[in-house]
There are 2 protein chains.
Amino acid sequence: MENRPAPSGERDPASIRSMPDLAPTLVDQLDTPSLLVDRDVLDRNIEAMGRQARERGVDLRPHFKTHKSVQIAQLQLQHGATGLTCATLGEARVLADAGVEDIFVAYPVWPGGPKKQLLRQLADQVTLSVGLDSTVSADALAGALGATPGSLRVLVEVDTGGHRTGVRPADAGALAVHAARLGLDVAGVFTHGGHSYGLGDAPQRAARDEVDGLAEAAAALRSNGVEPRVVSAGSTPTAMLSATGPVTEERPGTYVFGDRQQVAIGSCRDADVALTVASTVVSRAVPGQLVLDAGTKCLGRETQPWLEGYAEVVGWPSVRLERLNDHHGVATLHGAGDDAPGVGSVVQLVPNHVCPTVNLAQELVLTRAGEILDRWPVDARALV
Amino acid sequence: MENRPAPSGERDPASIRSMPDLAPTLVDQLDTPSLLVDRDVLDRNIEAMGRQARERGVDLRPHFKTHKSVQIAQLQLQHGATGLTCATLGEARVLADAGVEDIFVAYPVWPGGPKKQLLRQLADQVTLSVGLDSTVSADALAGALGATPGSLRVLVEVDTGGHRTGVRPADAGALAVHAARLGLDVAGVFTHGGHSYGLGDAPQRAARDEVDGLAEAAAALRSNGVEPRVVSAGSTPTAMLSATGPVTEERPGTYVFGDRQQVAIGSCRDADVALTVASTVVSRAVPGQLVLDAGTKCLGRETQPWLEGYAEVVGWPSVRLERLNDHHGVATLHGAGDDAPGVGSVVQLVPNHVCPTVNLAQELVLTRAGEILDRWPVDARALV
């Protein structure tokens, strides 16, 4: 637990997230809503996770779905990542085409339609692993691979409390045997402790569940004669909490940018938030509110029972983003009154959940000390 | 009110939406999640709205943000639309580049950053109108246009009960005078009765509010010496409900595809739903549920207090899509049990709100009688 950053309101005074008043020279270059990424904070997050994984002696395989940026994937590899995780074969193709050689699609991939050929092609091109949680899928995957099922690694997914996908840990052995008999390369087991997203000790409890479930699943493989080379856990809240025990690999995603829910549950500090949404106030015609140009088609509509509204309005705690339409973010002025930002002002938002927000954007605007450094495309946006 | 389609469970037996079991030849061509559009239903919706507008003697200016497809915009123009509505200058640029000559950005456009030059360029290229609800914006728009403010039409937005953007109807005259003095071409007034999205008589009440507010605003312009050429109302639920009275133009969007909320509030019939999401069952490992490959990065996370879950699972009323993650749609099996679709099955979903779903997709797969006709790109996806 010692590697866990202390939850605090601490801010990095040089970071974009600490600049409620963006410089006019920056604003003049923004086609809002725009996603701003503080390069120094990004680098620090990537380095810190790389270092922590090294110190713990686990492999780090960050999740690509958070940023979908080839440049950021390459930074992660430069700072110790052993490969990338992604959610779709479309993302895997982008990574493979960018030269990433070891890719895990941590998803129960079904090789239907054009995915069948893409799977075969990727398994030829790179070291490809996919998730597996049914015999039906194992049969389909082996069928898709044809004469070379061993070119595909599979990791048996186990449900360790998230109750989304994955077999019970005790059932992992039988599924591993089924897959191995089909000639698939059964590399090990994995889980996602999605129930880590909660207040209090939810992250700690989920991390324990991950470790316990993975240990049981790994034992189930061994007792069926399959040696697990990979025992993979993952989520940003749990990534550095797991007892090293059986875990050989962690797959955090959101840590590169941080977001409002990660701050709320204590997985990162305010100072670690690298991404904000620059948004223009377009209307103050209706009393008691202001309207931003960031709606659901920019932010998504992500909420948590323990978060108020759809995003933090940086520097304006009394301005609460309580209602979203496609292109309108309607913020209520709780006492902010006439001092609140006027029409034409550009504010920054910290989204509740950064992954859907990035998937809705065309590019990331990289900044340093409040100036634009570069623009990186969201390469794998909307790829299935 | 006579033009309003009767709310009913009526189905078109030839439509894609009525085919819970898609033909294997179709499924083999789908990279799910995929957006299927029934061409016949689409054509029928476009023709019907064109005909109804003609019969009522109002101009039809459909909203581009629903489909973001140049091909569909062109169909709308072929069937009587006098121009297109859109929400962003990025969408307007796509339309202008496709040869659409009359475009209304029904949004309080702020000409910041690169939008300043784009606004000037579009105002030169096409007949461009934008929304206006503040003197600050009027000043900025006139400033952006420089020596030719009259090349930009503005419509004063009035709040007729949606309480999002727009001045009070009585205040429209003063704003119109301010804009006219700056040399902007004040073409009239507009509103969006967003409070039409509700059960019972919400659409009818909103339609009355739109008409009353627009009549008051138009009178306010006249009494200030500005003759409104355009009096524009809009939303799919209210489009055909307004007393013609002062209204010269309607701006419905969602009617091209329909969606679950439009069916629920009686704005379209089941038979009018042209768009469904084809999604593969990827997991049934956790008892009592199935997991689809359509999550928030495909469907968005749109809800209504009066709709259960995030989408209808076509043909499976007992399978309820109650939980979404980025790439997982978790559906609970309420009594569907073992008969429910197994891993590898492809089901169809009717999204609650179709606009964000389309914005998340790369293409629309056009179908007729259950076969693929064509694929159209979502041209203006994610453009701000």
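Reply: Let's start with a rule: two strands pair if DSSP finds at least two bridges between them. Strands (E, at least two residues) and helices (H or I, at least four) are DSSP runs, numbered from the N terminus. The model is predicted: local features need pLDDT of at least 70, side-chain atom pairs count only at pLDDT 80 or more, and totals for chains, interfaces and linings use all residues. Residues are numbered from 1 along each chain as its sequence is written, with chains lettered from A and ligands numbered from 1 in the order written.

Me: Okay, how many bridges join β8(A) to strand β9 of chain A?

Reply: Two, and β8(A) runs parallel to β9 (residues 249-250). One pair to look up is A:Ala233 with A:Glu250 in β9(A). Over at β7 (residues 185-190) of chain A, three bridges lead to β8 (residues 230-233), again in parallel. There, A:Gly188 sits opposite A:Val230.

Me: And which hand does the β-α-β unit of β7(A), α8 and β8(A) have?

Reply: With the strands pointing away from you, a right-handed crossover runs clockwise from the first strand over the helix to the second. The unit here, with α8 spanning residues 202-223 of chain A, is right-handed.

Me: Now helices. Which residues of α6 in chain B are buried?

Reply: An α-helix has 3.6 residues a turn, so residues three or four places apart point the same way. In α6 (residues 135-145), the buried ones (20 or more other C-beta atoms within 10 Å of their own) are B:Ser137, B:Ala138, B:Leu141, B:Ala142, B:Ala144 and B:Leu145. They lie on the same side of α6(B) because their directions from the axis cover an arc of only 160°. Their cover includes α5 (115-125), β5 (127-132), β6 (152-157) and α7 (172-181) of chain B. Just after α6(B), B:Gly146 has a positive phi of about 65°.

Me: How do I read the relation between chain B and chain A?

Reply: Two copies of a chain are related by a rotation about an axis and a shift along it. Here, a turn of 180° with a shift of 0.0 Å along the axis lays chain B on chain A, at an RMSD of 0.0 Å. That's a two-fold axis. B:Arg301 has the chain B C-alpha nearest the axis, at 2.9 Å.

Me: How many residues of chain B are in contact with chain A?

Reply: 56, facing 56 of chain A, where contact means C-beta atoms within 7 Å. On the chain B side, α6, β10 (275-283), α11 (296-299) and α12 (354-359) each give two or more residues.

Terms used: A residue is buried if 20 or more other C-beta atoms lie within 10 Å of its own, exposed if 12 or fewer, and partly exposed in between; C-beta atoms are placed from the backbone. The arc is that of the directions from the helix axis to the C-beta atoms. Two residues are in contact if their C-beta atoms, placed from the backbone, lie within 7 Å. Copies are superposed by least squares on the C-alpha atoms of residues with pLDDT of at least 70 in both.
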